[in-house]
Amino acid sequence: MSKYESIVQAIQSGSVSASAGGEVKVYPQSLDEAGGTKLLMIKDGYTKLLLAVGAGDLFNELQGEAEDGYKVCPLTHANRLVLNKYFDYTAPRAFGTQIATIGLGDRLGVASPGHIRTVNGKNVRPILAQQSIRELNLTGRNYKEVVDAAAYAVFQEGYKDGWGADGDHLKVESDIQMSLDLGFTMLTLDCSEKIDNTVDGSSAEAKADKYAQLPEAVRSHYENRYLDKTFEAAGTTFTFDKATLIDNVLIYGAAIDFMEHVYVTYIKPAPRAVDFEISIDETATPTAPESHFFVAKELYSRGLEIYSMAPRFCGEFQKGIDYIGDIAQFEAELKIHAGLADDFGYKLSIHSGSDKFSVFQLIGEYTKGRFHVKTAGTNWLEAVRTVAKVNPSLYRRMHQYAMDHYVEATAYYHVNGTPDKVKPLDQVSDADLPSYMDEENARQVVHITYGILLQAKDAAGNSLFKDEFFKTLSDQEDAYADSLIAHIGKHLQLLGK
C-alpha cells in the first residue's frame, strides 16, 4: 500500500485531518478543489508536495508522478503557475491606497506560513514576497523562488484575503522589467543613486553655480511653478525662496525625472494594477517636510499616481532594533509627512520598519491606520531565535561565525552594533541562548550576517550551517510560526491592527 493511500482516501471522502497521513504531514486547511481535482499540501520528510486526486484539466496540467487516481507533484515554478491559474487567491495582487499593508520580507522562503497566521483576520494585508536584489545576492535566491515560496504558503494555509509581491528597492530598469514580467504586483523604486547627497554640504555659492549649469528649460520650469510661491498642505505652509528651491531641485530633480520615466515606461502600461512606491529614504540626511511636498507636488503635476512614498525620517531607523532619536521631533515631522500622504492620496511607507516599537503607536495614529510598513530582517532573527531554543549547538556555531565576520557584513548595512558589547558565548547557558535575540548588539550582529551565514562552506564545499539550519526550521515549523505570530503580532497591535 502506498504511503499516500490513506491521505488519498481521506481526500476522496472529504474528511482530511492532520492525522490523516501518519508519518507524512498533512495541511488540512490547504484542501481545495477545481474542475474535478482535489488538491492538498503534504510534507514527506523535509519535502513539501502537492497531492492531486481526481481527474480533469488541473490534474493533467500539474507535473508530477502519477499513480492510480492521484498524482504527487513537486513545488516547482511550473506547478506554481498552474496553481495560480486554478486558484486565483494564490496569485499576488495589488492593493491600492486604502488599506494598510505590511511588507514581510521572507529571506528564507519558509516564514510565510507564520506571517499568514499573524495577519489572518486582521485589517492589514501582507506583502509576502518582498526582496531586494541585494538580499537575493546574499541568500542565493531569485525572484521566481521568492514568489513561488509565498504562493505555496498561501495555498498551504488556505489564505484567501489576498497578498502582494514587491520588487523591493529596485534601481535598474532591467530588474524592474524582470519583476513585472514575473507577476510582481508592487514595485519599490529606489531613487538613491539619482539623489544628490553632496548638496547639503556645499556652500551657497557652489549650489548657485551648480544650479546655473542646469538647462534653462529646467530652471524655468521649477521657477515658474515654485519660486517665491506659497502652498498649503498637511496643515502647513510651504514657501520656496530661491535658496530652498535650489536645494530641492539639485537634490531631487534627477530623481523626479527618473520616477516619471519609470512610471511612464513600466507602471502605466502594465497589463495589471501595480502598486508603485517611491523610496527617497536612502539618503544622507532626513527628508525635510518641504522636500516631501516638493517631490509629491511635482510628481502629481506630471500626472503620476503613486501607492506610497518612503521619506527618510529624522533619527535613525536601523535594522532590527527600536527607533533611535528624539521621539517628540519624530512625532512633529511624522504628522506633516502623514498629512502630505493623506492630502495627495497615497500611503506613507516606513522602511526598516521592524522593531520600532516606541513609535508604532504614533505611526498608526497619524496615518489613520493607512500605511505600508516594511520588515525583513526581524523575520530572520525569529528563525535564529527558534534555532537557539531547539538546536543550541548550531546556534553557538552560527553566533561565533557571525561575530567573526561582522565587519565584513557592514559593507552592506549601516548599523551601530558593537560586537565587543555582546556577552561571550561561554558565559551563556544553552537555556539562555535565545536571550541574545533580545539584546541590541547581538541582534544587529546576527541580523546583517545572514548572507554570510547562509553561504558559508567548509573546505570540501559543504554548507557549514544552511542545511542544518533549514532542517531544524522544518522540524520546528510550528514553533517558528509561533515566534513570528508573537513578534510580528506585537508590531500590528501597536500599529492599531
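**Exercise 1. A histidine and its surroundings**

Leaving aside its neighbours within four places in sequence, which residues is histidine 292 in contact with?

Solution. The model is predicted: local features need pLDDT of at least 70, side-chain atom pairs count only at pLDDT 80 or more, and totals for chains, interfaces and linings use all residues. Residues are numbered from 1 along each chain as its sequence is written, and side-chain values use heavy atoms, with hydrogens and water left out.

- Step 1: place the residue. Histidine 292 sits in helix H11 (residues 289-301). Helices (H or I, at least four residues) and strands (E, at least two) are DSSP runs, numbered from the N terminus.
- Step 2: check accessibility. Histidine 292 has a relative accessible area of 0% and is buried. Buried means under 20% relative accessible area, exposed over 50%, and partly exposed in between (1.4 Å probe, protein chains only).
- Step 3: list the partners. Contact means heavy atoms within 4.5 Å. Histidine 292 is in contact with Thr287, Met309, Pro311, His337, Leu340, Tyr346 and Leu348, its neighbours within four places in sequence left aside.

**Exercise 2. A glutamine in a strand**

Find the setting of glutamine 131.

Solution.

- Step 1: glutamine 131 belongs to strand S7 (residues 125-132).
- Step 2: its relative accessible area is 0%, so glutamine 131 is buried.
- Step 3: leave aside neighbours within four places in sequence. Glutamine 131 is then in contact with Gly105, Asp106, Arg107, Leu136, Arg141, Tyr143, Val146, Asp166, Gly167 and Asp168.

One of these partners, Asp166, returns in the next exercise.

**Exercise 3. Three salt bridges**

Work out where the pairs of lysine 374, glutamate 193 and arginine 302 lie, and how accessible each partner is.

Solution. A salt bridge is a side-chain nitrogen of Lys or Arg within 4 Å of a carboxyl oxygen of Asp or Glu. By this rule the count comes to 27 salt bridges.

- Pair 1: lysine 374 bridges to aspartate 166, with the closest N and O atoms 2.4 Å apart. The pair links distant parts of the chain: lysine 374 is in strand S15 (residues 371-375), aspartate 166 is in strand S8 (residues 164-170), and they are 208 residues apart. Lysine 374 is buried, at 4% relative accessible area. Aspartate 166 is buried too, at 0%.
- Pair 2: glutamate 193 bridges to lysine 171, with the closest N and O atoms 3.5 Å apart. Glutamate 193 lies in the loop between strand S9 (186-190) and helix H8 (204-212), lysine 171 lies in the loop between S8 and helix H7 (173-181), and the two are 22 residues apart. Glutamate 193 is exposed, at 63% relative accessibility. Lysine 171 is partly exposed, at 33%.
- Pair 3: arginine 302 bridges to glutamate 260, with the closest N and O atoms 2.8 Å apart. Arginine 302 lies in the loop between H11 and strand S13 (308-310) and glutamate 260 in helix H10 (residues 242-267), so the pair ties together parts 42 residues apart in sequence. Arginine 302 is partly exposed, with 22% relative accessible area. Glutamate 260 is partly exposed, with 26%.

**Exercise 4. Between the two domains**

Describe how domain 1 and domain 2 meet.

Solution.

- Step 1: set the bounds. Domain 1 is 4-86 and domain 2 is 378-490. These bounds come from an automatic or database domain assignment. The C-alpha centres of the two domains lie 34 Å apart.
- Step 2: count contacts. Five residues of domain 1 are in contact with five residues of domain 2.
- Step 3: take the area. Buried area is the accessible area (1.4 Å probe) that two parts lose on being put together, summed over both. Here it is about 420 Å², with 32% from carbon and sulfur atoms. Lys25, Lys43 and Tyr46 supply 90% of the area that domain 1 buries against domain 2, more than any other three residues.
- Step 4: look at charge. There are four salt bridges between domain 1 and domain 2. Lysine 48 forms a salt bridge with glutamate 477, the closest N and O atoms being 3.3 Å apart.

**Exercise 5. The faces of two helices**

Name the buried residues of H3 and H13, and what packs on them.

Solution.

- Helix H3 (residues 77-86) buries Asn79, Arg80, Val82, Leu83 and Asn84. Their cover includes strand S2 (37-44), strand S3 (47-54), helix H2 (57-61), strand S5 (70-74) and helix H6 (143-157).
- Helix H13 (residues 357-366) buries Val359, Phe360, Leu362, Ile363, Gly364 and Tyr366. These pack against helix H12 (327-344), strand S14 (347-350) and helix H20 (477-494). Just after H13, lysine 368 has a positive phi of about 55°.
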